[in-house]
Amino acid sequence: MGLFDELAGVVENAVKSHSGGLGGVMNDALAHLGGIDGVVKTLNEAGLGAKVNSWLGEGPNTPITADEIKSALTPDHLKQIAAKLGVPPNLVAEVLAQHLPTAVSGSS
């Protein structure tokens with residue numbers, strides 16, 4: 001099993017064990033930023049509004065890259081999110097890039 005498969009398993013297990021599903025897991029992990037709403041605001045302020053708006057509206061979610069996540073969030077934010085999700089800090093941006101659009105889409 002590769003590292004990304006292992007990370008996907010960590011997130012999948014967290015989602016299965018959380019009563020709020022993916023949105024709940026993300027809200028908990030992003031609590032220090034104001035939950036999903038707070039990270040949406042942060043990403044908008046970082047110039048990623050068009051992508052975020054696609055997650056909030058109808059239709060397909062525009063993907064976000066790990067580099068875009070890293071540019072919008074501070075290293076301290078990423079470390080805190082990593083600790084909440086149980087993933088290595090150097091890979092948390094990849095996990096967020098993969099799961100955040102769906103979590104935001106599902107919470108709107």
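Confidence in this predicted model varies along the protein chain, being lowest in helix α1 (residues 3-17), where the mean pLDDT is 55, and highest in helix α4 (residues 66-72), where it reaches 95. Over the protein chain the average pLDDT is 79, and 74% of the residues score at least 70.

Helix α3, which covers residues 35-56, deserves a closer description. Although α3 has 22 residues, its end C-alpha atoms lie only 15 Å apart, which falls short of the 32 Å that a straight helix would reach at 1.5 Å a residue. A bend of about 135° is found in α3 at L48, and L48 is also one of the buried residues of this helix. The other buried residues of α3 include G35, I36, G38, V39 and V40 towards the beginning of the list, and V52, S54 and W55 towards its end.

Two further residues of α3, T42 and E45, can be set side by side.

| Residue | Relative accessibility | Class |
|---|---|---|
| T42 | 19% | buried |
| E45 | 60% | exposed |

T42 counts as buried because its relative accessibility of 19% is under the 20% cut-off, whereas E45 is exposed because its 60% is over 50%.

Leaving aside residues up to four places away in sequence, T42 touches A72 and L73. A72 also enters the description of E45, since these two residues are separated by 27 residues in sequence while their C-alpha atoms are 8.2 Å apart in space.

How values were computed:
Residues are numbered from 1 along each chain as its sequence is written. This is a predicted model: local features need pLDDT of at least 70, side-chain atom pairs count only at pLDDT 80 or more; totals for chains, interfaces and linings use all residues. Side-chain values use heavy atoms; hydrogens and water are left out. Helices (H or I, at least four residues) and strands (E, at least two) are DSSP runs, numbered from the N terminus. The expected span of a helix is 1.5 Å times one less than its number of residues. The bend at a residue is the angle between axes fitted to the seven residues ending there and the seven starting there. Buried means under 20% relative accessible area, exposed over 50%, partly exposed in between (1.4 Å probe, protein chains only). Contact means heavy atoms within 4.5 Å. pLDDT is the predictor's confidence in each residue, from 0 to 100.
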